[in-house]
Amino acid sequence: MNRKKIASVFIINIVSISLVLGAAKPDSLFCSKFKPIKRSSLFLFTAGYRMPVNENTIINSGRGLYFEGGLNPGILISKKLVLGFYAGWAWKDKLWSTSFNSDFVNDYRSSVDLEPHFSYLDSTVIFSSKEVISDANGRSMPIIGCGAKSFNNFSIYYGIVLRLPYKYLPTLKLYTGVTRSHFQGDGNIATKEKEFNVFQLRRAMYGCELIVFRGLQCISQCPGWKYPLSKNIGQLSLYYESCDFYNSSLYFYDGDQRTDIPLKKFMAPSFLEKYKTEVSWGFKLSFAIM
């Protein structure tokens, strides 16, 4: 799925949730009294901030905002049950400067093997990626369609969420998706006279999240709507993510040409074994409708 389609789906989800919230009376969006929630919501929405604890061996990334939206069909079975599905987008390092770790950069540059036969475009992209990996740094959002330089690490994912209808049990989320280290520069890095050149290191991502504290809880009732919104404010969770860097790929796009080259085709096996798995774990603090 390209970024325009992803952005469209994301905007539609946000607008849908906004319409539901907007249908409520002004004073019903806030709670005069916080108390334990005795039921769940049909709509799922989470906005939060992620804080990694470990140091990653590939990129100094992971902090940042994330947004998730989905549905909870489990409410049709039990008013207290959360058994639903959702999709999310993690904007990592918006307020921090992102860059690849120096050891990773040195290993990448020394491990590139251009001896196998490649097309002219692929050869140029692979060769250019050595300099891109070295120079990539920044804190900008990933944007396509302009010549401005930017660098960002972000994740797009989807998964399932489960909370059994018992008061003290934590909520479990399991998800999978893709993590992308996105660099955008001028149109003369690999190809010539283009508006931009985009490079991405793409790898599959798998994660789990355990919500250990549901925060302050309240319910907002929308007039004429059967399902109230159950809010958790100040929700705290633990998360663990693992990226499959061994099967990652180098993606390139310049507005006209694109290619997606598996790293196995041009990197030394020793490099892929050394950086085989990319692990991140830490805390998330969020507001949730769940």
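## What surrounds helix α3

The cover over the buried residues of α3 includes α2 (102-111), β7 (171-187), β8 (194-213), β10 and β11. Keep in mind as you look around that this is a predicted model.

The buried residues of α3 are Leu121, Asp122, Thr124, Val125, Ile126, Ser128, Ser129, Lys130, Val132 and Ile133.

## The helix itself

Helix α3 runs over residues 120-135, which makes 16 residues. From its first C-alpha to its last it reaches 23 Å, close to the 22 Å expected at 1.5 Å a residue. There is also a bend of about 30° in α3, placed at serine 129. Serine 129 is among the buried residues of the helix as well.

## The β10–β11 hairpin

Two of the elements covering α3, β10 and β11, form a hairpin with 4 residues between them. In the turn, glycine 255 has a positive phi of about 90°. Strand β10 (residues 229-253) pairs with β11 in the antiparallel sense, over 5 bridges. If you want to find one bridge on screen, look for serine 249 and its partner in β11, proline 262.

Strand β11 (residues 258-262) shows alternating side chains. Thr259 and Ile261 point to one face and are buried, whereas Arg258, Asp260 and Pro262 point to the other face and are not buried.

## The chain as a whole

Stepping back, the chain holds 4 helices and 12 strands. It has 290 residues, and 49% of them count as buried. Among contacts with a separation of 6 or more, 75% come from residues 24 or more positions apart. The accessible surface of the chain is about 14,500 Å², with 62% belonging to carbon and sulfur atoms.

Conventions
Residues numbered from 1 in each chain as written. Predicted model: local features only at pLDDT ≥ 70, side-chain atom pairs only at ≥ 80, totals over all residues. Heavy atoms only, no water. Buried < 20%, exposed > 50% of the residue type's maximum accessible area, 1.4 Å probe, protein only. Contact = heavy atoms within 4.5 Å. Areas by Shrake-Rupley, 256 points an atom, 1.4 Å probe, with all protein chains shown as cover. Pairing = 2+ DSSP bridges. Expected span 1.5 Å × (residues − 1). Bend = angle between axes of the 7 residues up to and from the residue.
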